[in-house]
Amino acid sequence: MCGIIGALPFRRSGLDVSRNLQSLHHRGPDAQSSWLEPSADVWFGHTRLAILDLSEAGAQPMRDETTGHVIIFNGEIYNHLEIRRNLLARGISCRGHSDTETILRGYGAWGTAIFPRLRGMFSLALYDASTREVILCRDRLGIKPLYMGRTPHGAFVFSSEVCALLPLLGSKISHQGVAAYLQRGCCPHEELLWDGLKEFPAGCWGVINSQTSEIRYVRYGPLEITDTTEKDLSDAEAPKEVRRLLEDAVSSHLQSDVPVACFLSGGIDSSVLTALAARHLGEKKLSTFSVGFMEGAFDESSFAAEIADIYRTDHHHILLQNDEQLAFVSRAVEAMDLPSVDAINTFIVSDFVARNGFKVVLSGLGADEIFGGYPVFQKIKIIRMLAHLPRWVGKLRGCPEKMRHLLDDIPSEKDGEMLALWCRRVWPGYKLRNLGFDVPPFVREPTPVLRDTMAELSWGEISHYMRDMLLRDSDAMSMAHSLELRVPFLDDPLVSRVLSYPERIKFNPHRSKDLLLRATQDIIPQRIWDRPKKGFSLPMRQWMMNPLRDYCRDGLEIVVAESLVAKANIERIWNDFTHARLRWSELWALVVLG
């Protein structure tokens, strides 16, 4: 994993090479370098976290001496060896063994047709020496970040992180962006926090003219959903197919020239990953990491220890003491590239993994989205019924606060994607209006062909909540520690296939993630998979009422000082929180914003 940054025309960008590369140092502390094409006035910068091909042959920016093309790349391509074999069959050889070089040579052979062939997580920039154009590309699910904007003098700039671009853009905080952030608890990709700052779309490549710096998008995503008919697949065959795809995903995600560790919370997803990775490694011991809390209700360490014992992993467990909580939380918020009500748990465990000398870790992120692990999947009939209630019901006098929150902002379209967005709100519309904000609309994402409501729900969670919060936060929090986080459950073939299955194969109203459990219940003990979903959560309300109380007040005071929310509103919000009339996430969204 690495950090990338670029500008064209470079002379009009205002970019300070040393300062801007240094701002991405945490993403790539092993090396940093840059490249300039004077005639086209194109500049690329790169900070390297060496994972594959640790030699100079894997260094970036990387130039193809035959074509003159240059690439900077952030991510991992899990099928790059297969692509190399195809290149060799065409008589094209490589100098080293990095996936970056595979893409560069592949572009020389196939042009932009290389991008749909890539299976992995990535964002990249490529200078085409023959056309003098710059091409940006991002993976189908948006696992790896890529941001862009225009400087006051009209230069096009892009980077892996917002922090590297803001000094160049001179952007102001957007009132509409604040509203969108509060509504969702994260910055939705269609409306970031600053004017003029944009996120490069997932599943696209874009061609930028080096003379005009205008960009033209070509969409190759989001996913290719294979058609699965009822007669093609039996209830017994589906778990076998999922198991095969899972085995392949974990195996490919273990490719590395440095050791790979695994998060192990004790839940189903991390337990499945640990079991599959440990079995694949054989005699080579897997290292696993978990975090526990003094608050017993949030501690799953006994389940993690059980899995670690079964698979004889080199297990590391840290029990977070009360006096460490404030330090970890404030460091995590400082490391955020964009504000979020989540992320702190990933920061804590990433810190622990990195301090033990690892550069790569596997995470169970994505399993809930594709296998239906969230409550919305089990309660969809009730949710749809509520979504059809008249809007005036939530405005009745005496309507409980919880019901009023739920019945606000009911979308006019009631397909799975829109209902998933509706259920994920942090601040409902009536509360935003009370603060003086307009209520942002729900924006639909380009969607693959989906067969039923459950697939629509999955896509809604994948393309909004997961991309905008979970993936962005995981990238920022892990890379703050120079740690590459990999997500095997989001392997393209696995996601595409599971989304294609009919509802009857994937979902059991009496058991969450039924298909995943049927595919893996022989490798994890029943005590793990036969218990209610808990999730890797933190005791945030307790922390905010006690050790983080002053920290919260400080953040709220900044929100007032920046004229984002009136002081009287903040005092009312704080009072509601202390009297348990406000969810912790609503208050925390304002604290983090500050």
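Which residues of H18 are buried? In this predicted model, the buried residues of helix H18 are Asp 492, Leu 494, Val 495, Ser 496, Arg 497, Val 498, Leu 499 and Ser 500. They make up 8 of the 9 residues of the helix, which spans residues 492-500, so H18 is largely enclosed by the rest of the structure. The elements against which these buried residues pack are strand E6 (120-128), helix H6 (237-253), helix H11 (367-371), H17 and helix H19 (503-506).

Two residues of H18, Leu 494 and Val 498, are also in contact with Phe 371. Leaving aside neighbours within four places in sequence, the other contacts of Phe 371 are Val 242, Phe 489, Phe 507, Lys 513, Leu 515 and Leu 516. Phe 371 and Trp 588 are the residues with the most contacts inside the largest nonpolar core, which has 160 residues. Helix H17 (residues 453-479) supplies the largest share of this core, with 13 residues. A second core, separate from that one, has 21 residues, among them Met 62, Phe 73, Ile 103 and Trp 110. In soluble globular proteins, nonpolar side chains tend to be buried together.

A helix pair is found further along the chain. The axes of helix H23 (residues 549-561) and helix H24 (residues 567-578) come within 9 Å and cross at roughly 155 degrees, and the two helices are therefore roughly antiparallel to each other. The crossing of H23 with H24 is right-handed. On the H23 side the contact is made by Arg 549, Cys 552, Arg 553, Leu 556, Val 559 and Val 560, and on the H24 side by Lys 567, Ile 570, Glu 571, Trp 574 and Thr 578. By class, the residues of this contact are 6 nonpolar, 1 polar and 4 charged.

Several loops carry backbone features, which are set out below.

| Residue or bond | Backbone feature | Loop |
|---|---|---|
| Gln 60 to Pro 61 | cis, omega near -5 degrees | Pro 61: between strand E3 (42-48) and strand E4 (62-63) |
| Gly 221 to Pro 222 | cis, omega about 10 degrees | Pro 222: between strand E12 (215-219) and H6 |
| Ser 213 | positive phi of about 55 degrees | between strand E11 (204-209) and E12 |
| Asp 409 | positive phi near 60 degrees | between helix H14 (401-407) and helix H15 (416-423) |

Neither Ser 213 nor Asp 409 is a glycine. Are these two loop residues buried or exposed? Ser 213 counts as buried because its relative accessibility is 2%, and Asp 409, with a relative accessible area of 11%, is likewise buried. The cut-off behind both assignments is a relative accessible area under 20%.

Ala 155 is a further loop residue, placed between strand E8 (147-150) and strand E9 (156-159). Ala 155 has a relative accessible area of 0% and is therefore buried. Not counting residues up to four places away in sequence, Ala 155 touches Leu 8, Pro 9, Arg 12, Ser 13, Gly 149 and Arg 150. Between Ala 155 and Ile 307 there are 52 Å from C-alpha to C-alpha, with a separation of 152 residues in sequence.

Conventions: Residues are numbered from 1 along each chain as its sequence is written. This is a predicted model: local features need pLDDT of at least 70, side-chain atom pairs count only at pLDDT 80 or more; totals for chains, interfaces and linings use all residues. Side-chain values use heavy atoms; hydrogens and water are left out. Helices (H or I, at least four residues) and strands (E, at least two) are DSSP runs, numbered from the N terminus. Buried means under 20% relative accessible area, exposed over 50%, partly exposed in between (1.4 Å probe, protein chains only). Contact means heavy atoms within 4.5 Å. Axes are lines fitted to C-alpha atoms, for helices over the stretch in contact, and angles run from 0 to 180 degrees between N-to-C directions. Angles under 35 degrees count as roughly parallel, over 145 as roughly antiparallel, 65 to 115 as roughly perpendicular and the rest as oblique. A crossing is left-handed if the near helix is turned anticlockwise from the far one by less than a right angle, and right-handed if clockwise. Ala, Val, Leu, Ile, Met, Phe, Trp, Tyr, Cys and Pro count as nonpolar, Asp, Glu, Lys and Arg as charged, and the others, Gly among them, as polar. A nonpolar core is a set of buried Ala, Val, Leu, Ile, Met, Phe, Trp, Tyr and Cys residues joined through side-chain atoms within 4.5 Å.
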